[in-house]
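Here's a quick walk through one protein chain, with its pockets as the main stop. Have the structure open and follow along.

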Amino acid sequence: KANKLSLHLSRKLRSLIYSFPLDKPPGMSISAQNPDISGERQSGQDVRTQNVMACQAVSNIVKTSLGPVGLDKMLVDDIGDVTITNDGATILRMLEVEHPAAKVLVELAELQDREVGDGTTSVVIVAAELLKRANDLVRNKIHPTSIISGYRLAMREACKYIEEKLVTKVEKLGKVPLINCAKTSMSSKLISGDSDFFANLVVDAVLSVKMTNQRGEIKYPIKGINILKAHGQSARDSYLLNGYALNTGRAAQGMPLRVSPAKIACLDFNLQKTKMQLGVQVVVNDPRELEKIRQREADMTKERIEKLLKAGANVILTTKGIDDMALKYFVEAGAIAVRRVRKEDMRHVAKATGATLVTTFADMEGEETFDPAHLGSAEEVVEERIADDDVVLIKGTKTSSAVSLILRGANDYMLDEMERALHDALCIVKRTLESNTVVAGGGAVESALSVYLEHLATTLGSREQLAIAEFADALLIIPKVLAVNAAKDATELVAKLRAYHHTAQTKADKKHYSSMGLDLVNGTIRNNLEAGVIEPAMSKVKIIQFATEAAITILRIDDMIKLVKEDGQGDDKLEQQFLKSPETPKSPLPCTDFDAAYFHSYAHVVVDVGCGTGILSIFCAQAGAKRVYAVDASDIAVHAEEVLKANGLSDKDVEIEEEADVIVSEWMGYMLLYELYMAPISHPGRYSHIMVFGATFMELIKQKLDLLPPNAS
C-alpha cells in the first residue's frame with residue numbers, strides 16, 4: 001500500500017509540475033491541488049487537537065483511580081464478565097481503545113507495568129498533561145521541534161535531579177522501608193485496610209526467592225512466587241507457603257501423599273495408550289493378530305513408564321493426560337503422578353528443581369530412552385488440602401527456592417483484585433531491593449521537580465524556556481489529582497507544597513523539606529519519608545522518561561492519512577467477485593433468489609414425475625414432459641407468480657406446486673449443465689450469482705444415468 005501510494009503521489013506531482021505555465025506573470029501565485037489519496041487526510045492543528053483530546057479522554061478515565069483514596073472502576077466485557085479494579089494497566093487493557101494516538105497511552109501503561117510493575121495510572125496522567133500543555137504552546141506559534149527539544153532537556157534534568165538530590169539509600173533503612181514500599185503500593189488498592197498484614201507477606205515472599213545469578217548479581221525472580229486463589233474465609237486468612245503449589249491433586253487415590261526425597265520428571269506428552277497416527281492402515285487377515293496389535297499398543301506405554309521409573313523418577317508431572325492403565329504402574333511403584341499441569345507452572349517447576357522439560361523419548365538413533373540427568377530434585381513433594389481443593393506442593397527445590405501465596409477471599413472479584421494488588425506490591429519490593437534507592441511519595445518528587453525546573457527555565461535564553469516551564473507545570477498534575485480524589489482543596493495544598501520545596505532548594509538548613517508531601521487523610525503537608533510513604537526511585541524516573549517519550553511521539557504527528565480499504569485484498573477480492581452481478585442476458589432466464597452457497601443444502605426439489613426427490617430429480621424430469629420443479633426455500637419467500645412473470649411464462653404453461661416458494665422453468669435442467677443464473681426478483685438489493693458446473697459432472701451424468709434427452713448434450 002505504501003509503495004502504491006508513493007508512486008501515485010510522485011505521478012501526481014510530476015503532472016502538476018509539467019502543467020505549470022513557464023511565462024508566469026510576476027506576483028501571480030500558483031496553488032497546487034492536494035494529490036488524490038484514496039482515504040481521509042487530516043493535517044496540521046486539527047490532527048494535534050484530535051490526538052490530544054483522545055489522550056485526555058483516556059487519562060480522564062483513570063484519573064479518579066489515582067492515590068490512596070482513589071475510586072474503583074467496574075468493567076463489563078462483551079460476554080458479561082465483570083472486573084472491578086483500579087489498576088491503570090488493567091483498566092486500559094480492557095477498554096479496547098481504537099484511536100491510534102490513544103493506543104500509544106495504552107501501550108505506555110503496559111510498558112510501565114512490565115518494566116516497574118506499578119505507577120501505570122501516574123504515567124498515563126503525566127503523558128496526557130504534557131501533551132495538553134504542548135498543544136497550547138503550538139497554538140501560541142511555538143514550533144513543535146522547539147517543544148520536543150525543551151521536553152527532552154527537562155526530562156534529562158529531572159532524572160538527574162532525582163538521582164542526585166531526592167533519593168535515599170535503602171541500606172541505611174533495613175527491612176522497614178521494604179514494608180513501607182509495599183504498603184504505599186497497596187494503599188490505593190482494595191486491600192489497603194489490611195496493608196500491614198499483606199506488606200509483611202509480600203516482603204517475606206520476595207526475600208525467600210533471593211538468588212545470585214552467574215554474574216554474581218543478586219536477583220529476586222518473582223515469577224517463582226505462585227499465587228493461588230481459594231474461596232472462603234477472610235482476606236487476613238491468606239498465608240505464605242514454603243514450596244511451589246500446583247493447583248491439581250494426585251492422578252490416583254492409591255498414590256502416596258508424600259514422597260521424600262523427590263526426583264521429578266517434567267513431561268510434555270501423553271502417557272496414554274499409544275494410538276497409531278492418522279492415515280496409517282493395517283490390513284489384518286487373522287483376527288488373533290488384531291489382539292496382538294492392541295497388546296503392543298498397551299506395552300509401548302508400559303515400556304515408557306518403566307524407563308521413567310528405572311531412571312529414578314518418583315514424581316511425574318505431565319501437561320497432557322495419563323490413562324487408568326498407565327496410572328496402575330505408578331501406583332504399584334509408589335510414585336506420585338500429576339496430569340494436566342499448566343505449561344507455565346511446569347516451566348517454573350523445571351527451573352526451580354533443575355529438571356528439563358522432556359517433549360519426546362526419541363533419541364538421535366531413533367530409539368526411546370530417558371536420561372536421568374533430565375530429572376529435577378526437591379526435598380519433598382506432598383499433597384495438601386487447601387480450602388476445597390487438593391494441592392501438590394514441591395518443597396525444598398534444588399536451584400532456586402519457590403514459595404506460594406495462598407489468597408483467601410469472599411468472591412472472585414475480590415480475589416482477582418487482591419492478586420493484582422499483590423503483583424504490583426511484589427514488583428515494587430523487587431525493584432526497591434535491586435535498585436537500593438527510594439524517594440518520598442505523595443506528590444513530593446513532582447513538586448520538587450516542578451520548583452527546580454521552573455528555576456532552570458528562567459536561566460535559559462532559548463525557545464526551550466517555555467517548554468521547560470510547561471513541563472514543570474505539567475508535573476503538578478499528580479499532587480493536584482491526589483488532592484482532588486481525596487476531596488481536599490487542591491489549589492491550597494499544592495501552593496503550600498511548592499512553598500516548602502522552594503524553601504528546601506534555596507535554604508541550606510531546610511534541605512529535609514525536600515521529602516515533604518501530601519497527607520491525604522488529614523489534608524495537610526508532612527514529611528513522607530518519615531511517615532513511611534515511599535516508592536522506589538526507579539519508578540519515578542521511568543514514569544518521567546516514558547511519559548515524555550510518549551508525549552513526544554504523539555506531538556511529532558502533524559498529518560494523519562486514513563486509507564480506505566482497497567478492493568481486492570485477499571478474501572475480500574473473492575467476496576467482491578462473488579457478489580458482482582453478471583450482465584443480464586437478452587433471453588429470459590430462470591429466475592430464483594437463493595444464494596449459490598445454499599444450493600447444495602436444498603434437498604427438497606419437488607418434481608412432478610415419479611423419480612424421487614433431490615438435486616438429481618432435475619435430470620429425471622428432462623426425460624419426461626414439460627414440468628415445474630419447486631425448490632423449498634421458505635427463508636427467501638419468492639412468490640411463484642413473480643418467477644413465472646420474470647421468465648415470460650404464464651400459469652397455463654406450467655403446473656404450480658401449491659406449497660412451493662420458488663418455481664424454476666422447465667429448461668433449468670439444461671442450464672444446470674453449464675450455467676445457472678439466479679437473478680433478484682423480490683429482493684432487488686440482493687446480487688445475482690453464477691454457478692458453473694464442470695465437464696466431469698456432465699460426463700458422470702451421461703455415463704451413469706443415461707437420462708438426458710439428445711439435445712441436452
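Helices here are DSSP runs of H or I with at least four residues, numbered from the N terminus. Keep in mind that this is a predicted model.

With that numbering in hand, the protein chain comes out at 23 helices and 27 strands. Of its 713 residues, 46% count as buried. Among contacts between residues at least 6 apart in sequence, 72% join residues at least 24 apart.

**The two pockets**

Let's put the top two pockets side by side.

| Pocket | Volume | Top contributor to the lining | Lining by class |
|---|---|---|---|
| Largest | about 1,200 Å³ | α12, nine residues | 15 nonpolar, 10 polar, 18 charged |
| Second largest | about 730 Å³ | α7, five residues | 14 nonpolar, 20 polar, nine charged |

Start with the largest pocket. Its lining takes in 43 residues, and I222, K223, I225, E344 and H423 sit nearest the centre. The elements that give two or more residues to this lining are α3 (88-95), α4 (100-115), β7 (225-231), β9 (244-246), α11 (343-353) and α12 (412-435).

On to the second largest pocket, which is lined by 43 residues, with G67, P68, T184, S187 and S188 closest to its centre. Here the elements that supply two or more residues are α5 (120-139), α7 (176-186), α12, α15 (477-485), β19, β21 (534-536) and α18 (537-555). So which element gives the largest share of that lining? That would be α7, with five residues.

**The sheet next to α12**

β7 belongs to an open sheet of three strands, ordered β7-β17-β8 with mixed pairing. The edges are β7 and β8 (239-242), each of which pairs on one side only. On average, neighbouring strands of this sheet are turned by 25 degrees against each other, direction ignored. β8 and β17 (residues 403-409) run antiparallel and are joined by four bridges. One pair to look for is N242 with its bridge partner V403 in β17.

What packs on this sheet? α12 does, touching β7 and β17, and its direction makes about 160 degrees with that of β7. Recall that α12 also gives the most residues to the lining of the largest pocket.

**α15 and its surroundings**

Now for α15, which also turned up in the lining of the second largest pocket. Why is α15 described as largely enclosed by the rest of the structure? It's because seven of its nine residues are buried. Those buried residues are I477, I478, P479, V481, L482, A483 and N485. The cover over them includes α2 (45-63), α5, α13 (444-459), α14 (464-475), α16 (490-506) and β19. Just after α15, A487 takes a positive phi of about 60 degrees.

**The β19-β20 hairpin**

β19 helps to cover the buried residues of α15, and it also lines the second largest pocket. This strand (residues 516-519) is joined by four bridges to the antiparallel strand β20 (residues 524-527). Within the pair, G517 stands opposite R526 in β20. The hairpin has four residues between the strands, and G523 takes a positive phi near 70 degrees.

Terms used
Residues are numbered from 1 along each chain as its sequence is written. This is a predicted model: local features need pLDDT of at least 70, side-chain atom pairs count only at pLDDT 80 or more; totals for chains, interfaces and linings use all residues. Side-chain values use heavy atoms; hydrogens and water are left out. Two strands pair if DSSP finds at least two bridges between them. On a 1 Å grid over the protein atoms alone, a cavity is a set of points where a 1.4 Å probe fits but cannot get out, and a pocket is an open set with protein on both sides within 12 Å along at least five of seven lines; lining residues have an atom within 4 Å of a point. Grid points are joined across faces, edges and corners, and a volume is the space filled by probe spheres set on the points. Ala, Val, Leu, Ile, Met, Phe, Trp, Tyr, Cys and Pro count as nonpolar, Asp, Glu, Lys and Arg as charged, and the others, Gly among them, as polar. Axes are lines fitted to C-alpha atoms, for helices over the stretch in contact, and angles run from 0 to 180 degrees between N-to-C directions. Contact means heavy atoms within 4.5 Å. Buried means under 20% relative accessible area, exposed over 50%, partly exposed in between (1.4 Å probe, protein chains only).
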